[in-house]
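Trainee: Please give me a close look at the aromatic side chains in this one, and then show me where they lead.

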Amino acid sequence: MRPYKKRNRKRIRMKNRKKIILASCLLILAAVFCMVLFLLFLFTQSGQKEKFSFHLRKEKAQENPDTLLLAYMNCAAKKEYAKMYDMLDIEASGNITKQDFVERNQAIYEGIGMQDMQIKVTDYDQEAHIVTYKTSFDTEAGSIQFENEAFFHKGDDGYRLAWSDAMIFPKLGKTDKVRVSTIQARRGEIKDRKGRVLAGWGSAASVGIVPGKLPQQEQTAEQIAKIAKLLEMEPEAVIKKLEAKWVKKDSFVPIRTLPAVDELALMSIEPDEKMQQEHKRQQKLLKIPGVMIQEVKIREYPYQEAAAHLVGYVQNVTAEDLEEHAGEGYTTSSMIGRSGMEGLFEKELKGTNGCRIYITDENGREKEELASVDVQHGKEIRLTIDAELQEQIYKQFQDDKSCSVAMHPQTGEVLALISTPSYDNNDFILGMSAKQWTFLNEDERKPLYNRFRQAWSPGSTFKPVIAAIGLETGTLNPQEDFGNVGLSWQKDASWGAYHVTTLHDYQPVILDNALIWSDNIYFAKAALKIGAQNLEDHLLKLNFTKKIPFEITMAKAQFSNTEHLETEIQLADSGYGQGQILINPLHLAGIYTAFCNKGSMIQPYLTVRSGQDADTNTKTDPQEEAGVWIANAFRAETADRVLEGLKKVINDPNGTGYALRRDDVVLAGKTGTAEIKASKDDHTGTELGWMAVFTAEKTAERPILLVSMTEDVKGRGGSGYVVQKVKQVLEYWMEQ
């Protein structure tokens, strides 16, 4: 038994040892687990403490009066008036309602055009809860700056602002008002070289209705229909004006502006027919109960159709204008230039409105001026235009589709810019009827289309340019006789059925005679001699494909619809101003100045230069006063040689411009007819007629360079039709 007992005791000891080891492991695991839990607890408590501390700091920051004030004023800058109200101690703020608070702040801040508010806290009295601060912001009357104080009350939920009207402006009381007084800037006038008004101010008749004086309701519709018919309006448009929110029974409601009637002019021996008709219309209107007519000042264009495309017109600003020109001083009552000089010089003409912002008491007495800016009336724009010459040219071409440019050949001063047919720019001020607007837009002659800004096929007026380039390149000998080949010619059979044609048979076929007789064949051959590359290079030198340096944007000249002269036939046609050659009349006039200025092209300009005496028509030294556009566009000898040929065009009995010859002044120039057709085989196309003429000598007392183009001259004498018109203009000009 002893061995068994011994083994049994050993087995028991082994079991006990295992139990002890297991218990120890469990104790160790329990200790580790408790340690982990303890560490997690500590970590969590630390995070909660940090989070709690953060909230305390945040709450404390929100409760600080200086920080609250900055938040409040930031809401004011953002026009968040309801949020501002939520920061108030209502009782300490006089129990003002949210609606009254929002309306008061909104009316003042937005009424003065407050922008870019800046706040700086300068002091904080922690015991009294008073924050001292400086405020500045921009307004319609300039910058406003002031120092102010804000009072805070502390309650269970922290600090709250004790608001009063003085928070807006220190001296603003509860019953006070903030007033904005605007002085409208007077739009600058546009005048010609002699001070004659092209765009200024005049009187008109404002036709309006006083609703309370209209007849009984059953007759109102009938009377409004009569008024609408006389004013060329729809009755609905009249009713809409009468139903505006601001209208009261005794209000004068403007319906339409009509031309003023000059009573003295009506008494003249030959009164104007339009004025007579206008007088009758207004008399009929005044017989209708409720209708009144008041005199108003409006923008006026004395030269009407004669200068409409040049001067342009203004209109009332639209919502789109106000958005596009935000911050530029426009208001709902402003005008803005839409076209011509009115649009080009809008910034200079419009001026800056004067404005005062001030506080008045309940009796209307002024307490304090907060800001003010003086009115700056628009600048006067003085043009180099001669209004009477402008009018004379218009009268000659008013029934045609045409354009004309007149300039001083030595100084570059532009004397006239005309496009016909035209429109009366006063109609845009008075307000067009639907009938007038439809007529202007549907008229096939396109009266609103500005022709002097476009590029046209120059025809034979381009031949002097080809002559000059031929002489410059040495490819053209002015004395070389090209030979008489009849009235039709082609280089060789490769041209197929295409021929260059001309109108006159003459000999010898040299440069001067080719200019005198305006020979297409001669200049087609000259272009082939010059070559495509030479011609392109020299036309680029003459500013082809580039912008003309001028106040008004004009169409660029081209020598091809592509980048190059593509074919031999196109090159030949370019020689006499056809093919794909296009040029603006002002650009052509600029090239012509080189022929009387030793080869240098004079830069055209439209506005009188500072310190310049605009009322000058006498000879001027171009070396002192002219602005050179392209120096040495041609050599002096080239320019002089072409000039001699252009003199003969006017002064030789065989010259196509001989009808313009005068005994009192030497003129030079070139006629031109350009065919406009869909293809080479088109025989139904129309023609453009041209005349370019200028005083050839610098001693001329009445210097001028005139370029005129008229559409649809086929069957009306071609360029000869234009020559007769230009002759009348020159007679007027030279006899002044």
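Trainee: Which residues form one aromatic cluster?

Mentor: Tyr109, Phe137, Phe146 and Phe169 form that cluster. A bit of housekeeping: this is a predicted model, where local features need pLDDT of at least 70 and side-chain atom pairs count only at pLDDT 80 or more, while totals for chains, interfaces and linings use all residues. Residues are numbered from 1 along each chain as its sequence is written, and side-chain values use heavy atoms, with hydrogens and water left out.

Rings of Phe, Tyr and Trp (its six-membered ring) pair if their centres lie within 6.5 Å; planes under 30 degrees apart are stacked, over 60 edge-to-face, and the rest tilted. That rule gives 19 aromatic pairs. Take Tyr85 and Phe101: their ring centres are 5.5 Å apart with the planes at 55°, so this pair is tilted. Tyr85 belongs to helix H3 (residues 81–85) and Phe101 to helix H4 (residues 98–111), so the pair ties together parts 16 residues apart in sequence. Helices (H or I, at least four residues) and strands (E, at least two) are DSSP runs, numbered from the N terminus. Tyr85 is buried at 14% relative accessibility, and Phe101 is buried at 0%. (Buried is under 20% relative accessible area, exposed over 50%, partly exposed in between, with a 1.4 Å probe and protein chains only.) Tyr522 and Phe523 pair edge-to-face, 5.1 Å centre to centre with 75° between the planes. Tyr522 is buried at 1%, and Phe523 is buried at 0%.

Some rings also have a charge over them, meaning NZ of Lys or CZ of Arg within 6 Å of the ring centre and within 35 degrees of the ring normal. Arg356 lies over the face of Tyr358, 4.5 Å from the ring centre; Arg702 does likewise over Trp733, at 4.0 Å.

Trp733 brings us to helix H24 (residues 719–734), which packs on a sheet and touches E16, E21, E22 and E23; contact means heavy atoms within 4.5 Å. The direction of H24 makes about 30° with that of E22, using axes fitted to C-alpha atoms (for helices over the stretch in contact) and angles from 0 to 180 degrees between N-to-C directions. The sheet itself is open, with five antiparallel strands in the order E16-E15-E23-E22-E21; two strands pair if DSSP finds at least two bridges between them. Strands E16 (414–420) and E21 (667–676) stand at the edges with a single partner each, so one side of each has no neighbour in the sheet.
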